[in-house]
Amino acid sequence: MVARLDAGDITEDAAATRIAARLAGPHLTISAAYTGRVNLFAAQDGLATIDAATIHALNRTDEAVTIATLPPFTPVRTGQMLATIKIIPFAVPEAIVSALEWMLAGAGPVGVAPWAGLSASLIQTMLPGTKPAVLDKSVQVTRDRLAGIEADLAQQMRVPHEVGALASALREAEGDLVLVIGASAITDRRDVIPAALERVGGTVRHFGMPVDPGNLLLLGELNGRPVLGLPGCARSPKLNGVDWVLQRLGAGLPVDAAAIMAMGVGGLLAEMPGRPLPRAMATSTPRAPRIAGLVLAGGFGRRMGGEGNKLLRPWRGKPLVRHVVEAAMGAQLCAVSVATGHQAAEVRTALEGTGVDFTHAPDHGQGLSATLKAGLAALSDDIDGVLVLLGDMPRIGSATIDRLVAAFSPEDGRAIIVPTCGGRRGNPILWDRSFLPEMQALTGDTGARSLLIRHAAALCEVAVEDEGILLDVDTPEALAGL
């Protein structure tokens, strides 16, 4: 297919990249563009901060540009997708992109508020007949709930369900946050928990919330610290209104009466099947692919001639292999490792300070496949794919690597990603983890390229402007040309 752009048009990838740069707020990673799509991923665990009004306005601007996000205040983990920008046609007028950039002149409306690492105290009140097992379970449920926002339960107390006893406990409470679970639910602002809070000089900011379960929640303040009077559902590990308030506080976001009363739309949690806790919900949402980089640095380099190791030859003040490793470390890869062979100690020395992992191929004399297999065997079990880089290709750029990662999508038939420049295929190549067993069965000095023909249906070529994908330094002439 060929698309001819009109005067003033910009390509889909360029448009998506520009919009994403303005859309992204703090603590995000921006993917490279592919087919007019750019994804925003969480760079830290925390709470998604989404300015819904701005997103609605952007989506109403022109049908050619679409922005999809998670709901505001969704708990996210590092690498989880928060938003995707998709340009619908092959190109859009510059005027549309400029208008959107103008609308995004302020802070990016999509971001992550990282967990603040709070500490909390839990006070439980007791009536005659209150079972200790119920109190013990509430402590464990609270500890688990706080762990989900990376907060600690620093202190727990148990006192009679009386204003005086609870007031004394509130004075002794430690930490950044005080949680109170009453032996009976709070019925109004003159009940035991709010009365005890006011007795010690605290303030009741709000009582009640339009979230079910969670209606009988009290929001208060004591000496600048939030105090939450928790409803009975807080004894259950299932998602409830307490989680929504704790998440915002745990991310350092303000919670007031207006914020609580705005939780009503979507607040009917009782009808959500299973009502999983946010930590379980986060594991099922889209995330950035976990792609490991594997640099092959085990060959003899016989075609280079002379003594020594070609990977250690200097170029622009650094050994050739260090250029490759630094490009990989600067890209959106979950880990980078180097498989060594010939002169392994010297290669390690050349890469000091890069932070890469090393594995050694003692049988590297049997060819490239031996080094490849040693490197593959050392990879983590939780990766989605591996990008295989050759140590003698020093002009590879981090942006090229990111573009290959952006194209990776096995569910869409893109399980092997090969870069091309000027119609010629090059390196590095990204492989889905499902091909690792076949790669481990290779022999000789051919590498994994023989698998490209066998699995042509899973192959995706990505055109790049980086001629470095075609240049490997095998001979003195190649080094001189470099």
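Two strands pair if DSSP finds at least two bridges between them. Keep that in mind as you work through this predicted model.

**Exercise 1.** Which residue in E15 is the bridge partner of Val 178, and how many bridges join strand E12 to E15?

*Solution.*
Step 1: Go to strand E12, which covers residues 177-181.
Step 2: Pick out Val 178 and look across to E15, where its bridge partner is Val 227.
Step 3: Now count for the whole pair: four bridges join E12 to E15, and the two strands run parallel. Pairing takes at least two bridges, so E12 and E15 qualify.

**Exercise 2.** Work out the strand order of the open sheet, and find which strands stand at its edges.

*Solution.*
Step 1: Walk across the six strands, and you get E11-E10-E12-E15-E14-E13, with mixed pairing.
Step 2: Check the two ends of that order. E11 and E13 each have a single partner strand, so one side of each has no neighbour in the sheet.
Step 3: Look at the twist as you go: from one strand to the next, it averages 20°.
Step 4: Add the helices. Helix H5 (residues 163-172) packs on the sheet and touches E10, E11, E12, E14 and E15; its direction makes about 160° with that of E11. Helix H6 (residues 192-199) packs on the sheet too, touching E12, E13, E14 and E15, and its direction makes about 15° with that of E14.

**Exercise 3.** Glu 150 has a positive phi although it is not a glycine. Is Glu 150 exposed, partly exposed or buried? Do the same for Asn 223.

*Solution.*
Step 1: Locate Glu 150, in the loop between H4 and strand E11. Its phi is about 55°.
Step 2: Glu 150 has 40% relative accessibility, so it counts as partly exposed.
Step 3: Move to Asn 223, in the loop between E14 and strand E15. Asn 223 isn't a glycine either, and its phi is also positive, about 55°.
Step 4: Exposed means over 50%. Asn 223 has a relative accessible area of 70%, so it is exposed.

**Exercise 4.** Where are Pro 213 and Pro 428, and what kind of peptide bond comes before each?

*Solution.*
Step 1: Pro 213 sits in the loop between strands E13 and E14. A cis peptide bond joins Asp 212 to Pro 213, with omega about 5°.
Step 2: Pro 428 is in the loop between strands E23 and E24. The bond from Asn 427 to Pro 428 is cis, and omega is near 5°.

Methods. Residues are numbered from 1 along each chain as its sequence is written. This is a predicted model: local features need pLDDT of at least 70, side-chain atom pairs count only at pLDDT 80 or more; totals for chains, interfaces and linings use all residues. Side-chain values use heavy atoms; hydrogens and water are left out. Buried means under 20% relative accessible area, exposed over 50%, partly exposed in between (1.4 Å probe, protein chains only). Axes are lines fitted to C-alpha atoms, for helices over the stretch in contact, and angles run from 0 to 180 degrees between N-to-C directions. Contact means heavy atoms within 4.5 Å.
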